[in-house]
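The following exercises concern a structure with more than one kind of secondary-structure element. Each task is followed by a solution that proceeds step by step.

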Amino acid sequence: VTAVLAVSRPARAIPEEASRSLLPALAPVVAFGLLLVCVGYAGGRSGSAPAETAYWAGQLTIFVPVVWRLLAIRGPGTREEPEIVGLVLLVGAAYFAAKFAYAPLDLAFNDEFQHWRTAEDMLVTGRLFDYNYALPISPYYPGLESVTVAVVQLTGLSIFYAGVLVVGAARIVFTAALYLLVRRVSGSARVAGIASLLFTTAYYYKSILAMFIYTNLALPFLVLVLCTAVRLTTRRPLQGERRTWIVLGVLVAVTVVTHHLTSYLLILALGLVGVLHLYRGQPGAGWRLLALAGAGVACVTAWLVFVAPQTIGYLAPAATSLLDGVREAGSGATPTQGGLLHTPVVDRVMSYGGVLAVVVALPLAWWRIRRTQRDRPWALALLLASATFYAVPVIRLVSASGTEHAARLTNYVLIPVASVLAVAAVELLDSPRRRNRGFAVAVAVAVATVVMVGGITSGWPQYWERLPSGRTLVSGSESGVGPEGLAAGYWAQEMLPDGRRIAADSNNVTLMGPLGQQNMLHGMAPLYYGTQVDEVTSFIRLYAVQYVVVDLRLARQLPVDGEYFPDDPLASRHDRPIPLEELTKFDRLPGARRVFDGGDIVIYDTRGVSHAP
Amino acid sequence: MLRKGLVRPQLDDPATVTVLGALAAALSLVPLGAGAVVGTIQGLVGAALVLLTGQALRLALRPSPAQDAGPTARMERWAWTIALSLATPVLGAFVLDVGPGGIARAGWAVLLGAVTVVAAGVAWFRGDRPGARPRLRLPGPRAVVTTAATVVILGLALTLGVNSAAAVPAASFTELSLVPRDTDAVTGVPVADPSGLALVTVRSSEDRDRGYHLELQNQAGVTVQVVALQLAPGESWEQDVRVPVSRAVLYRDPDREPYRQVWSGEP
């Protein structure tokens, strides 16, 4: 915060008016918003009733005053730039701190454990590319883990705290790079500030984009490459062009080895902007960008061919699921997967409201800025890319993991969307014909707030664990991680050979895979629901199940996310917990050995049943 | 208005970065021992080395305006320093991976130290020198008050977040396991001639010291051995057992009902 305030102090050349910065007043307000969010978290852990109110009050306190201030400034905001920069960094830091306060003691999210495994293996073996059963693709994109391991080994911190530092540093780079990108493209500090703030409404910005996950290191590099590439398209001779190419080459390489999808989108973005430069009669700039995109293609191809050929097999199922859903919906059939949200009414209203606000605002924004921006290739690229936002509701409805895929898409799509909306908002509010500007600003603040709230209700964590829970919830993602599950996972790592074929419920699949280094099977629900010995025995043999994890809490709680197991055929149809007898039947299963008893969690060795080694 | 104040450390001076980088790398190579103070020093030195690498690379590659004092340029310079600090280990890990020492503390110290010295040296030989020595601007009273208020509130928020998470009551439980040694623990390959050996383990995650009685039984359910245990939270006990032991039943004192049970034969 001190750094932010120091940065915001006016430089020598800036006139006196700029000293009327509201940053000193807004900084404690934003910090107070964070405090309210943390009060909400504390209430969630202790089960206090007003916790949800404190949480929402905190979210509004962080966002609304800042968005109001940025919208209320007149003109491009050049004089107010120190304040704008300070506010953008402040809000980015506040949201990151809020995520840290959600799970401040250890990792809690499934994907984080998967990347923890890759980092842990690097620490233990001192080598890259060890096998990771929980996320086999992760060791082949080791960028995040490499930096984290360097910090762990040089500082002595744990992987968790080193990861917090690395992802926090990446968040700073991302926030600065996004601001600078939009600043260079639009020429307006105010547009850049508003766009940066609007990006914080992305569904995963306040949670998954601040976690120990490889996207979160790659995304800042994507934006930094684009931000630097703007300099390649300048009309005047570029000083130190060779050095700029070296830097860009390094950044592209880092993106390629850190996250597959982000590097592909980076190449697409560079290609799009390059083609638009050619289209607009700027061949020099266009070919430079296409050369950079070509270098990216060469890097990606080399990586796919020589290091990570399994990437295609990893990404293919998601694309196939999406295309199947689209085809199914296009044929007029009711999609068998995806569909509408199943959340509380208020959440649903805000989620759809947030999407609707952007869906309606985008065409208005395009119409508004069509004349001022159409000759500027970078702005045109953002404008075209923003149209991909319309894929968000489509994916949400038709894809098997619709909500998740749609949310992941907004991580990228909101960069152009926020930029376009910010340009339009500034043009609209600063129009010489604008009357009653105060009312217009209020409307804009209200719309932005709906989008922000919709981002939270559509994003992560899900509504049942928006506030951290004080107890372990069955099928509860972050709140499903408890000491017993962790202990069982570590037991499996210590006592069982790697890669055993293991059946488990959702919570234990999340932990046993990365912590235990085990091959967690999906589609195992019939094993638990089956009541006949012959039926269960046949299932174990058919799938060569070597160990079965039974969590007796499944007989006491309904699954908060609707399904006890991955691919649960009874998903969202459970009206009572699983009968205890269906879980304890393994005690009587011929050939099964009860090898672990941790109270709630019991593990059976079923190799005697399946005859698997 | 600028106020006279402390001389700002010249981290834009390649010579300073070279010296600090070499020092940090050297300290990272020296085993400093254990303890909280030493650990803190080690942490700070390690973090400084990572950041100095990025700073040296920024000075060498100059991807951002060098002398512009505006807030955007300043932010951009910091962003580049951090970005290059992150990028170096990403690519450096591939270098260490093919080296004989692998990915280890010494390797990082040497690699990052070398990159820092070379990059800062490039900037120095090119003739890059920082401009007029800027001075730290002391903030006015209003800024001090608001900064202090922000820091206090932020500190309260994070303290509340951490403390409320730490205060969640931990589950109290004990693990019992009986694992036949019929496969190689590393490869998972079945052992050719299983000797009937199994490992019994008891691990306490209870909220306090607990006493236990462990009964080891044969296939017929007859107790062949009783072990009395006293375990503190976090402690564990283990023992190899042989056939005919095929069942272990754990009682937590003073309870008479079985607390945990496992078996390696038919139920």
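## Exercises on strand pairing and helix packing

Val550(A) stands opposite Val602(A) in S5(A). The model is a predicted one, and the exercises below read its computed geometry.

**Exercise 1. Identify the strands that contain this pair, state the sense of their pairing, and place them in their sheet.**

Step 1. The two strands are S3 (residues 547-551) of chain A and S5 (residues 601-605) of chain A, which are joined by five bridges in the antiparallel sense.

Step 2. Both strands belong to an open sheet of eight strands, whose order is S2(A)-S1(A)-S3(A)-S5(A)-S4(A)-S1(B)-S2(B)-S5(B). The pairing in this sheet is mixed. Strands of a sheet pair through backbone hydrogen bonds, either parallel or antiparallel.

Step 3. At the edges lie strand S2 (519-520) of chain A and strand S5 (236-241) of chain B, each of which pairs on one side only.

**Exercise 2. Determine which strands helix H19(A) lies across, and describe how H19(A) packs with helix H20(A).**

Step 1. H19(A) lies across strand S4 (593-597) and S5 of chain A, and also across strand S1 (173-180) and strand S2 (198-205) of chain B. Relative to S1(B), H19(A) runs at about 25 degrees.

Step 2. Two packed helices are described by the angle between their axes and the distance between the axes. For H19 (residues 483-495) of chain A and H20 (residues 506-516) of chain A, the angle is about 35 degrees and the axes are 8 Å apart. The crossing is right-handed.

Step 3. On the side of H19(A), the contact is made by Gly485(A), Leu486(A), Ala488(A), Gly489(A), Tyr490(A), Ala492(A) and Gln493(A). H20(A) contributes Asn508(A), Leu511(A), Met512(A), Leu515(A) and Gly516(A).

Step 4. Sorted by class, this contact has seven nonpolar residues, five polar residues and no charged residues.

**Exercise 3. Compare the span of helix H11(A) with the expected span, then list its buried residues.**

Step 1. H11 (residues 260-279) of chain A has 20 residues, so at 1.5 Å a residue it should span 28 Å. Its end C-alpha atoms are 29 Å apart, which agrees with that expectation.

Step 2. The buried residues of H11(A) include His260(A), Thr262(A), Ser263(A), Leu266(A), Ile267(A) and Leu270(A). Further along H11(A), Gly271(A), Val273(A), Gly274(A), Leu276(A) and His277(A) are buried as well.

Step 3. Just after H11(A), Gly281(A) takes a positive phi of about 75 degrees.

**Exercise 4. Outline chain B and examine its helices H2 and H4.**

Step 1. Chain B has five helices and seven strands. From the N terminus on, the elements run α-α-α-α-α-β-β-β-β-β-β-β. Of the 267 residues in chain B, 46% are buried.

Step 2. H2 (residues 36-61) of chain B has 26 residues and reaches 38 Å from its first C-alpha to its last, close to the 38 Å expected at 1.5 Å a residue. Arg62(B) follows H2(B) and has a positive phi near 45 degrees.

Step 3. Ala114(B) is placed in helix H4 (residues 105-125) of chain B. Is Ala114(B) exposed or partly exposed? Buried means under 20% relative accessible area and exposed over 50%. Ala114(B) has a relative accessibility of 38%, and therefore counts as partly exposed.

Step 4. Ala114(B) and Leu61(B) are 53 residues apart along the chain, and their C-alpha atoms are separated by 16 Å.

**Exercise 5. Reconstruct the four-stranded sheet of chain B around strand S3(B).**

Step 1. The four strands form an open sheet in the order S4-S3-S6-S7, with antiparallel pairing. Strand S4 (223-231) and strand S7 (260-263) of chain B are the edge strands. On average, neighbouring strands of this sheet are turned by 15 degrees against each other, direction ignored.

Step 2. S3(B) and S4(B) pair over eight bridges, and Gln217(B) stands opposite Thr223(B) in S4(B). The hairpin of S3(B) and S4(B) has five residues between the strands, and Gly221(B) there takes a positive phi near 90 degrees.

Step 3. Six bridges join S3 (residues 210-217) to S6 (residues 247-252) of chain B. Tyr212(B) stands opposite Arg252(B) in S6(B), and His213(B) has Tyr251(B) as its bridge partner.

Step 4. S3(B) is mostly covered, with seven of its eight residues buried.

Definitions and conventions. Residues numbered from 1 in each chain as written. Chains lettered and ligands numbered in written order. Predicted model: local features only at pLDDT ≥ 70, side-chain atom pairs only at ≥ 80, totals over all residues. Heavy atoms only, no water. Pairing = 2+ DSSP bridges. Axes fitted to C-alpha atoms, helices over the stretch in contact; angles between N-to-C directions. Buried < 20%, exposed > 50% of the residue type's maximum accessible area, 1.4 Å probe, protein only. Left-handed = near helix turned anticlockwise from the far one by under 90°. Contact = heavy atoms within 4.5 Å. Nonpolar A, V, L, I, M, F, W, Y, C, P; charged D, E, K, R; others polar. Expected span 1.5 Å × (residues − 1).
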